[in-house]
Amino acid sequence: MGTYRIPDKLQEFGKDIKTDQLAYHRRRVALTKEFTFDAAHHLHQYDGKCKNLHGHTYRLVVTVSGYVNDIGLVIDFADLKRIYRETIEDKLDHQYLNEVLPPMNTSAENMIVWMWDELERALHAETEASQDIRLEELVLYETPTSRATLKRAWVE
């Protein structure tokens, strides 16, 4: 077992590192964050168990990309969480999806496109245009083994 080293001093902003050094590059970088919400729904014109009211713990994996700002961030993970919460979770968590979503069959395939539109609109409204922050991929898990995926290339 080796020993570990404790730094003699912490880096001090303005002395050891300057403002123009905080952004190391100007490349596009992707960030991914996962969220869960619980909801109930049923499918219309479907011959199977899902025609009956049932619930899921949905898992949504959100990947965005953009250029770093002056301090080296594409988007603060806390801001991405807030945008998710305001656009998706507050509307869908512990809700009857057939009632709160626009008229549609509440399949994962339909829901993920609605989520894409909502998140994309919020990202454009709440982020700096110069960073060109955009959705790259959404993955919506209905169960641990069943999911829908939507990618930027498929919506352009």
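In the predicted model, strands S1 (residues 28-41) and S2 (residues 54-67) pair through 14 bridges. Their sense is antiparallel. Within this pairing, Thr 36 faces Arg 59 of S2. S1 also pairs with strand S3 (residues 95-96). Here the strands run parallel, and two bridges join them. Ala 40 has Tyr 96 of S3 as its bridge partner.

S2 is further joined to strand S4 (residues 134-143). Seven bridges connect these two strands, which run antiparallel. Val 64 lies opposite Leu 135 of S4. S4 in turn pairs with strand S5 (residues 146-151). That pairing is antiparallel and has six bridges. Leu 138 is matched with Leu 150 of S5. The link from S4 to S5 is a hairpin of two residues.

The secondary structure totals four helices and five strands. Along the sequence, their order is β-β-α-β-α-α-β-β-α.

Nonpolar side chains in soluble globular proteins tend to be buried together. In this model, the largest nonpolar core contains 34 residues. The residues with the most contacts inside this core are Phe 37, Val 62, Val 64, Ile 75, Met 115, Leu 138 and Leu 140. Two or more residues each come from S1, S2, helix H1 (77-92), helix H3 (108-126), S4 and S5. H3 contributes the most, giving nine residues.

Val 64 links the strand pairing to the core. This residue stands opposite Leu 135 in S4 and is among those with the most contacts inside the core. Neighbours within four places in sequence were set aside in listing the contacts of Val 64. The remaining partners include Val 29, Ala 30 and Leu 31. Ile 75, Leu 80 and Leu 123 are also in contact with Val 64. Further partners are Ile 133, Arg 134, Leu 135 and Glu 136. Leu 138 likewise appears in both settings: Leu 150 is its bridge partner in S5, and Leu 138 is listed among the core residues with the most contacts.

On the scale of the whole protein, the radius of gyration is 20 Å. A compact globule of 156 residues would have a value near 15 Å. The C-alpha trace spans about 65 × 45 × 25 Å along its principal axes. Of the 156 residues, 35% count as buried. Contacts between residues at least 6 apart in sequence were also classified by separation. Of these, 67% join residues at least 24 apart. The accessible surface comes to about 10,200 Å². Carbon and sulfur atoms account for 50% of that surface.

Notes: Residues numbered from 1 in each chain as written. Predicted model: local features only at pLDDT ≥ 70, side-chain atom pairs only at ≥ 80, totals over all residues. Heavy atoms only, no water. Pairing = 2+ DSSP bridges. Core = buried A, V, L, I, M, F, W, Y, C linked by side-chain atoms within 4.5 Å. Buried < 20%, exposed > 50% of the residue type's maximum accessible area, 1.4 Å probe, protein only. Contact = heavy atoms within 4.5 Å. Rg over C-alpha atoms; globule rule 2.2 N^0.38 Å. Areas by Shrake-Rupley, 256 points an atom, 1.4 Å probe, with all protein chains shown as cover.
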